[in-house]
Amino acid sequence: MSFSSDVKRELLSYEYKNRHCLTAALEAVINIDGYIGADNGHKLIIVHNENTDVLGAAQNFINRLFGAEVSCHKGNIIIEDEALADKILDATGIGYDRGFSIDSPIDPLVVSNSCCKRAYIRTAFLCCGSISDPNKHYHIEFVDNDYEHARSLKELIGSFDINMKIVERKNHFVVYCKEAELIVDLLNVMSAHRALLELENLRVLKGVRNNVNRLVNCETANLGKIVSASLRQIEAINYISKSKGLDYLPDNLKKMAEMRVMYADASLKELGEKMIPPVGKSGVNHRLKKICDIADKLKGDNNYG
Ligand SMILES: [Zn+2]
């Protein structure tokens, strides 16, 4: 099962309690998936969707609003009863022109309540929406075949401060969003709470993973610094050892030099702890600096001497 079909299953289980919300939901189905046709001068409404569960929801909306049973055949609901068709068009505020094409912007009266706006958006997602698996990337979209409707859907979603974009793709108008936070808001507007939690959990996990990666990178950088300082010190020690021998160094520096060579990747603190008796970090730093100074002086003497 895809994340998208999980979200749809959750939305399909939403229970409407009011006629106003049911009307808004039915308007969405007919606006997006509906056609108004004529059969021997009789007006009829056809609703087409590949998803039989969406058609089942539409049958349920019509039954609850008008007490009418409409049948479904091969992905289509055909409402042949002209009186019923008129009632549906009246209630949902869907206009149509003489050519029987649906006049598609969303009727502001039908979606005047916030609950009805949500019902419309929820149903629009069922009819033409999809969401990507958030493990892969963040993307939610509504694929609309009518520009005016796409624009009014974007506006309706925008009333919840969720800014969608519209792009034209293969003669369709895609209302989409790629921002995780806004997708979470939109799932909330649609009451897809299970999906919302799943997405939020994933974002938290990703956040933790990013933090761990940042820490690892940071430690690697510190390790890099330790190693490059250590290499410089060892090079100095080798120079002294070759030119004068380590006995040239005072006893405390000689011991320090031997430890440095033995524990090349130890930090100053760790190095100090290994000394007998232990030496503090600044003491170690001071001694190593002295060793480097001596080496530098010897190199200088050789260059100029
Ligand atoms: Zn409502």
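The legends below accompany close-up views of a predicted model.

**View 1. The zinc site, with its four donor atoms.** The zinc ion is bound by His20 through ND1 and by Cys21, Cys115 and Cys116 through SG, and these protein donors lie 2.2 to 2.4 Å from the ion. The angles among the four donor atoms run from 96 to 130°, and the site is tetrahedral because four donors count as such if all angles lie between 85 and 135 degrees. For orientation, the ideal angle for four tetrahedral donors is 109.5 degrees. Along the sequence the donor residues follow the spacing H-C-x93-C-C, and the pair His20 and Cys115 links distant parts of the chain, with His20 in helix α2 and Cys115 in helix α5 (residues 114–128), 95 residues apart. His20 is partly exposed, at a relative accessible area of 33%, and Cys115 is likewise partly exposed, at 31%.

**View 2. The crossing of helices α2 and α4.** Helix α2 (residues 19–33) and helix α4 (residues 82–92) have axes that come within 9 Å and cross at roughly 110°. The two helices are therefore roughly perpendicular to each other, since angles of 65 to 115 degrees fall in that class. On the α2 side the contact is made by Thr23, Leu26, Glu27 and Ile30, and on the α4 side by Ile88, Ala91 and Thr92. Sorted by character, the residues of this contact comprise four nonpolar, two polar and one charged.

**View 3. Thr23 and its surroundings.** Thr23, which lies in helix α2, counts as buried, with a relative accessibility of 13%. When residues up to four places away in sequence are left aside, Thr23 touches Leu65, Ala91, Thr92 and Val110. Of these partners, Ala91 and Thr92 also belong to the α4 side of the helix contact described in the previous view.

**View 4. Lys165 in strand β9.** Lys165 is placed in strand β9 and is partly exposed, having a relative accessible area of 46%. Not counting residues up to four places away in sequence, its contacts are with Val174, Val175 and Tyr176. The C-alpha atoms of Lys165 and Gly129 are separated by 14 Å, the two residues being 36 residues apart along the chain.

**View 5. Lys170, a loop residue with positive phi.** Lys170 sits in the loop between β9 (165–169) and β10 (172–177), where its phi is positive, at about 45°, although Lys170 is not a glycine. With a relative accessibility of 75%, Lys170 counts as exposed. A separation of 22 Å lies between the C-alpha atoms of Lys170 and Ile30, which are 140 residues apart along the chain; Ile30 is one of the α2 residues that make the contact with α4.

**View 6. Ser191, between helices α7 and α8.** Ser191 is found in the loop between α7 (180–189) and α8 (193–243). Its phi is near 65°, which is a positive value in a residue other than glycine. Ser191 is buried, with a relative accessible area of 13%, a value that falls under the 20% cut-off for that class.

**View 7. Arg203 and its contacts.** Arg203 lies in helix α8 and is partly exposed, with a relative accessible area of 26%. Apart from residues up to four places away in sequence, Arg203 touches Tyr138, Ala180, Glu181 and Val184. For one of these partners, Ala180, the C-alpha to C-alpha distance to Arg203 is 8.4 Å, while the two are 23 residues apart in sequence.

**View 8. The cis peptide bond before Pro277.** Ile276 and Pro277 are joined by a cis peptide bond, for which omega is about -10°. Pro277 is located in the loop between α10 (268–274) and α11 (281–304).

Key. Residues are numbered from 1 along each chain as its sequence is written. This is a predicted model: local features need pLDDT of at least 70, side-chain atom pairs count only at pLDDT 80 or more; totals for chains, interfaces and linings use all residues. Side-chain values use heavy atoms; hydrogens and water are left out. Axes are lines fitted to C-alpha atoms, for helices over the stretch in contact, and angles run from 0 to 180 degrees between N-to-C directions. Helices (H or I, at least four residues) and strands (E, at least two) are DSSP runs, numbered from the N terminus. Angles under 35 degrees count as roughly parallel, over 145 as roughly antiparallel, 65 to 115 as roughly perpendicular and the rest as oblique. Contact means heavy atoms within 4.5 Å. Ala, Val, Leu, Ile, Met, Phe, Trp, Tyr, Cys and Pro count as nonpolar, Asp, Glu, Lys and Arg as charged, and the others, Gly among them, as polar. Donors are N, O and S atoms within 2.8 Å of the metal (3.2 Å for Na, K and Ca); water is not among the atoms, so sites may look incomplete. Four donors count as tetrahedral if all angles lie between 85 and 135 degrees; four count as square planar and six as octahedral if opposite donors are over 155 degrees apart and all others between 65 and 115; anything else is irregular. Buried means under 20% relative accessible area, exposed over 50%, partly exposed in between (1.4 Å probe, protein chains only).
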